[in-house]
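Reader: I'm new to reading structures and I get lost when I try to take in everything at once. Could you pick one part and walk me through it slowly?

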Amino acid sequence: MNRQSITLLRGGITAALVLSLCGAAPAQQSSGVQKAAKSQPTAASSAALDRMIAEGKSQHELAQYLFDTHGCKDCHTIGQEGKLGFTKKGEQRAQGFEGCISTLKAMSVIAKVPANQRSATQRQRAERFEEFGCGACHKLTPGKMGLTEVGVKLAHLHLGCVDVEKVLASTPPSQR
């Protein structure tokens, strides 16, 4: 087996694992979550990823596309050593934010609670989940978390949220 086949196989296994852990039922958005519709993936975003993959674009090029088109650059700057920095807007919005991993873990629990029975803290986390663009790849379904079409593709390519950050931050400044 060549290196590319092994990478694709590993990506497929990762995607299958993510799907089995998160679920893949169709999303149903609540009325209070539609504020972030502009950051939601569209068929065009999915098609653009497909074209870039078919053209053999690098992981860095794919990560840069995501950063540029999914609202990341509104709040983040490309940093170094595996970390993104913040724009002024990002600094303001980050106040009180629990972090990405913590938010995803919390949302896995919150998804099991009917919207009308959520605590104020749970409702705030759900709002921030959408506000910060998490819904571009992750979706809440009744009773569980799932992945959008774009999220499934990115999981297959090993380009989850943390991976995009690492790929972009590890690129030497002269190549940016």
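Author: Let's follow one helix, α3, and the parts around it.

A quick word on what you're looking at: this is a predicted model, in which local features need pLDDT of at least 70 and side-chain atom pairs count only at pLDDT 80 or more, while totals for chains, interfaces and linings use all residues. Residues are numbered from 1 along each chain as its sequence is written, and side-chain values use heavy atoms, with hydrogens and water left out.

First, the setting. The chain has nine helices and four strands; here a helix is a DSSP run of H or I with at least four residues, a strand is a run of E with at least two, and both are numbered from the N terminus. Read from that end, the order is α-α-α-α-β-β-α-α-α-β-β-α-α. Of the 176 residues, 35% are buried, where buried means under 20% relative accessible area, exposed means over 50%, and partly exposed is in between (1.4 Å probe, protein chains only). The chain's accessible surface is about 10,500 Å², and carbon and sulfur atoms own 56% of that; the areas come from the Shrake-Rupley method with a 1.4 Å probe, and for residues only the protein chains shown count as cover. Among the contacts with a separation of 6 or more, 59% join residues 24 or more positions apart, contact meaning heavy atoms within 4.5 Å.

Now to α3 itself, residues 59–69. Its buried residues are Leu 62, Ala 63, Tyr 65, Leu 66 and Phe 67. What do they pack against? The list is α2, α4 (72–75), β1 (76–77), α8 (149–156) and α9 (161–169). Let's take some of these in turn.

Two packed helices are described by the angle between their axes and the distance between the axes. The axes are lines fitted to C-alpha atoms, for helices over the stretch in contact, and the angles run from 0 to 180 degrees between N-to-C directions. For α2 (residues 43–54) and α3, that gives an angle of about 165 degrees and axes 11 Å apart. The pair is therefore roughly antiparallel. The cut-offs for that kind of wording are under 35 degrees for roughly parallel, over 145 for roughly antiparallel, 65 to 115 for roughly perpendicular, and oblique for the rest. The crossing is right-handed, which is the case when the near helix is turned clockwise from the far one by less than a right angle, with anticlockwise being left-handed.

Who meets whom here? Ser 45, Ala 48, Leu 49, Met 52 and Ile 53 of α2 meet Glu 61, Leu 62, Tyr 65 and Leu 66 of α3. Seven of these residues are nonpolar, one is polar and one is charged. In this sorting, Ala, Val, Leu, Ile, Met, Phe, Trp, Tyr, Cys and Pro are nonpolar, Asp, Glu, Lys and Arg are charged, and the others, Gly among them, are polar.

Next comes α9. Its axis and that of α3 come within 9 Å, crossing at roughly 115 degrees, so these two helices are roughly perpendicular. This crossing is left-handed. From α3, the contact uses Gln 59, His 60, Ala 63, Gln 64, Leu 66 and Phe 67, and from α9 it uses Val 164, Val 167 and Leu 168. They sort into six nonpolar, three polar and no charged residues. Notice Leu 66: it takes part in the contact with α2 and also in the one with α9.

Just before α9 there's a small detail worth a look. His 158 sits in the loop between α8 and α9, and its phi is near 60 degrees, a positive value in a residue other than glycine. His 158 is partly exposed, at 22% relative accessible area.

Finally, what follows α3? Gly 71 does, with a positive phi near 85 degrees. Further on, strand β1 holds His 76, which is partly exposed at 26%. Leaving aside neighbours within four places in sequence, His 76 is in contact with Phe 67, Leu 84, Gly 85, Phe 86 and Thr 87. Phe 67 brings us back to α3, as one of its buried residues. His 76 and Glu 91, 15 residues apart in sequence, have C-alpha atoms 8.8 Å apart.
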